[in-house]
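User: Please take a close look at one part of this model and tell me how it sits among its surroundings. I'd like one connected walk-through, with the cut-offs given along the way.

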Amino acid sequence: MRTVAGKELAETRRDRRTVIAAVLLPALLMPIAVLVIPVLARHQQAALERRPARVAVLGGGAGGLVAAGFDQGLLRLVSVQDPAGALLRGDLDAVLIDQGRGDRGPRRVVILYDESRPASRAALDRITALAARRALRDLEAAARARGIDPAALLTVNLEPSNVAPPRRLGATLLATALPFFLAVWLLLGGQYAALDVGVGERERGSLETLLAAPPARSSIVAGKFVAVLVPAVLALMIMLASGVASARLGAGLLSAQPVEVHLPLPTAGLLLLVGMALGGLLSALQLLASLGARTLREAQQAFTALYLLVAVPVALEPFLGEWTGARWVSLVPVLNAVLAVRRVLLGEAQAGEVVLTVGSLALLTIPVLAAGVRLLESARRPI
């Protein structure tokens, strides 16, 4: 038994693909997971902290609070015609509305913010902290004066008010989870078909017969590509339906705010368009790996590497911060699809961005399929 085990281990060591999948890939990718992601998270948080929150003021009573924040570099006053609309568009981070001072009570200031945007939530925290520091100074003055009710000296009473409608919060909920599962299920949905039409047929001997038949190599690769892409897209459609249904059922448990999960048909159509473009590239890569593998184990090892290469940009995306707005992102495979899906769900996607993402993925798919054709044509005998 030990002799058999030793031979198997020796064979494993000789197989460079096994060594790469088991040793080199984890050694290269784990530093990214352990070091790069936290660094990007801190970079994103630092960027929010460095940038003054953009606020608008309705009524003059909150001007002193904003002035204090301006002096400390925490707030920036912005003048807009429609503050609430600008807040929902992302042109503002918060709106302060002075409600006046009641009978012997503190001044009431309503803070409009957008629960669906991190920058707006950060602005709410910043304004609340500013008001707390001002209130503390007033209370200290009252303690020195004595005989005065400290509660009467609170100059500002903040009342946060979320302006993001329930449907916007539902879209944010979907945008948090669906991009990751979109990439995962496009891979998992087509993997068994890819294994079967490539290395599976080779091991059964049917691929040799097929290559001896009249159809051109390009036709064979195209047919196999469709056979891999169809179950991948089917898995995508089922994932979208299941994800939306699950979010509707569990929205009340995931958020203290009223949440309405809704996926309009135009939005679903754009998601399928982006998903099919990404599915085409991933299916072509899986097919190429399967056609080039000598054994089922080799193909599975190649698939593992592909899963990791897809998982890394998906994991990095939430921490890219302002980099996600760069034009070059639309040309980065997988990452561009994840960002496009998120923006489509949030209603922020531009038509040009979607076209650029879909087009770049389609253009990358063509040379991968061409490589599959060359792989079959280069064989001296049927493989």
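**A close look at H11**

Analyst: Phe180 counts as partly exposed because its relative accessibility is 40% (under 20% is buried, over 50% is exposed, and partly exposed is in between, using a 1.4 Å probe and protein chains only). Phe180 belongs to helix H6, and H6 (166-204) is part of what covers the helix we're after, H11.

Some ground rules: this is a predicted model, where local features need pLDDT of at least 70, side-chain atom pairs need 80 or more, and totals for chains, interfaces and linings use all residues. Numbering starts from 1 along each chain as its sequence is written, and side-chain values use heavy atoms, with hydrogens and water left out.

For the backdrop, the protein chain has 12 helices and five strands (DSSP runs numbered from the N terminus: H or I of at least four residues, E of at least two). It has 383 residues, and buried ones make up 40% of them. Take the contacts (heavy atoms within 4.5 Å) between residues at least 6 apart in sequence: 74% of those join residues at least 24 apart.

Now zoom in. H11 runs over residues 335-346, which is 12 residues, and reaches 17 Å from its first C-alpha to its last, close to the expected 16 Å (that is 1.5 Å times one less than the number of residues). It's mostly covered, with 11 of its 12 residues buried. The buried list starts at Leu335, Asn336, Ala337 and Val338, goes on through Leu339, Ala340 and Val341, and takes in Arg342 and Arg343 before Val344 and Leu345. Besides H6, the cover for the buried residues of H11 includes helix H9 (265-292), helix H10 (296-316) and helix H12 (351-377).

The two flanks of H11 deserve a glance. Val334 sits in the loop between H10 and H11. Its phi is near 70 degrees, a positive value in a residue other than glycine. As background, most residues other than glycine have a negative phi. Val334 counts as buried because its relative accessible area is 7%. After the helix comes Gly347, whose phi is positive too, near 75 degrees.

H12 is one of the covering helices, and Ser360 is a handy way into it, since that residue lies in H12. Ser360 has 11% relative accessibility, so it counts as buried. Leaving out residues up to four places away in sequence, Ser360 touches Ser330, Leu331 and Asn336; Asn336 is itself one of the buried residues of H11. The C-alpha atoms of Ser360 and Leu278 are 9.7 Å apart, with their positions 82 residues apart along the chain. H12 itself has 27 residues and reaches 39 Å from first C-alpha to last, close to the 39 Å expected. Its buried residues include Glu353, Val354, Thr357 and Val358, and further along Leu361, Thr365, Val368, Ala371, Gly372, Val373 and Leu376.

For another buried spot in the chain, try Asp93, which is in the loop between helix H4 (83-89) and strand E3 (94-101). Its relative accessibility is 0%, so Asp93 counts as buried. Ignoring neighbours within four places in sequence, Asp93 is in contact with a set that includes Arg51, Arg54, Tyr113, Arg117 and Ser120.
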